[in-house]
Amino acid sequence: MRCDFFPTWKEAVQYIRELSAIIFNIQNEDQKKRADSTIIFLQKYIRKHLDKDLSLVRLADLVYLNPSYLSRLYKQISGINISEYIEHERVKRAQELLQKNDLRINEIALQVGYENAASFARVFKRALGISPQEYRDNYLLTIQLGAR
C-alpha cells in the first residue's frame, strides 16, 4: 500500500477499513463452509456407524476438534445437540429394522448401538411413546389390514 495513492489520510483509513471488512467476510464464509462440511461428515459417519462408539470424544477425534468446541459447533449449526441427533438416527434405524420380522429386539438393540435391550427399549419408548415390540406389532397389524 502506498500512502501517496490516497489524497488524504482519512481516505486511506477508509480504504483499509473496507478492505478489512472484505477480508473478514471471506474468512467468515470459509469458516462457515468448513463447519458445515464437518457437520455433514459427522452426520454421515453417525448414520453409517450407529453400532459403534459415538461418544463426543470419539467424534471430536475424527474431525480433530476439541469435544467441547464440537458440541457447541454442532448445536450452533444444526440447532440440536449431537446426542439428540445420534438418538434420533438410532431410533429411526431401529424402526426400519423392526419392520423386518426376522430380527429379535436384542439383535436390533445391538445393531443400533445399545448394549442391552432394556436401555434400547427405554430410549425407543421415550422417543415414540411405545415399546419396540408394540411398534413391531402395530406395523405388522397395519400390513395385515392393508393386505385385506
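Author: A crossing is right-handed if the near helix is turned clockwise from the far one by less than a right angle. In this predicted model, helix 4 passes helix 7 in just such a right-handed crossing.

Reader: What makes helix 4 and helix 7 oblique to each other?

Author: Start with the angle. Helix 4 (residues 82-98) and helix 7 (residues 132-147) pack at about 50 degrees. Roughly parallel needs an angle under 35 degrees, and roughly perpendicular runs from 65 to 115. The angle of about 50 degrees fits neither, so the two helices are oblique. Their axes are 9 Å apart.

Reader: Which residues meet where helix 4 packs on helix 7?

Author: Helix 4 brings Q95, L97 and L98. Helix 7 brings P132, Y135 and R136. By class, that contact has four nonpolar residues, one polar and one charged.

Reader: How many aromatic pairs are there?

Author: Ring centres must lie within 6.5 Å to pair. By this rule the count is seven aromatic pairs.

Reader: Why is the pair of F5 and F6 called edge-to-face?

Author: A pair of aromatic rings is described by the distance of the centres and the angle of the planes. For F5 and F6, the centres are 5.2 Å apart and the planes stand at 90 degrees. Edge-to-face needs over 60 degrees, so this pair qualifies.

Reader: How do you know whether F5 and F6 are buried or exposed?

Author: Compare the relative accessible areas. F5 has 63%; exposed means over 50%, so F5 is exposed. F6 has 14%; buried means under 20%, so F6 is buried.

Reader: Why is the pair of Y114 and F120 called tilted?

Author: Their ring centres are 5.8 Å apart, with the planes at 45 degrees. Stacked needs under 30 degrees, and edge-to-face needs over 60. The value of 45 degrees meets neither cut-off, so the pair is tilted. Y114 and F120 are both buried.

Reader: Which residues form one aromatic cluster with Y114 and F120?

Author: F124 and Y135 form one cluster with them. Y135 also takes part in the contact of helix 7 with helix 4.

Reader: What makes Q43 buried?

Author: Q43 lies in helix 1 (residues 9-48). Its relative accessible area is 19%, and buried means under 20%, so Q43 counts as buried.

Reader: What is Q43 in contact with, leaving aside its neighbours within four places in sequence?

Author: Q43 is in contact with Y74 and Y85. As for L56, Q43 is 13 residues from it in sequence and 13 Å from it in space, C-alpha to C-alpha.

Note on methods. Residues are numbered from 1 along each chain as its sequence is written. This is a predicted model: local features need pLDDT of at least 70, side-chain atom pairs count only at pLDDT 80 or more; totals for chains, interfaces and linings use all residues. Side-chain values use heavy atoms; hydrogens and water are left out. Axes are lines fitted to C-alpha atoms, for helices over the stretch in contact, and angles run from 0 to 180 degrees between N-to-C directions. Helices (H or I, at least four residues) and strands (E, at least two) are DSSP runs, numbered from the N terminus. Angles under 35 degrees count as roughly parallel, over 145 as roughly antiparallel, 65 to 115 as roughly perpendicular and the rest as oblique. Contact means heavy atoms within 4.5 Å. Ala, Val, Leu, Ile, Met, Phe, Trp, Tyr, Cys and Pro count as nonpolar, Asp, Glu, Lys and Arg as charged, and the others, Gly among them, as polar. Rings of Phe, Tyr and Trp (its six-membered ring) pair if their centres lie within 6.5 Å; planes under 30 degrees apart count as stacked, over 60 as edge-to-face and the rest as tilted. Buried means under 20% relative accessible area, exposed over 50%, partly exposed in between (1.4 Å probe, protein chains only).
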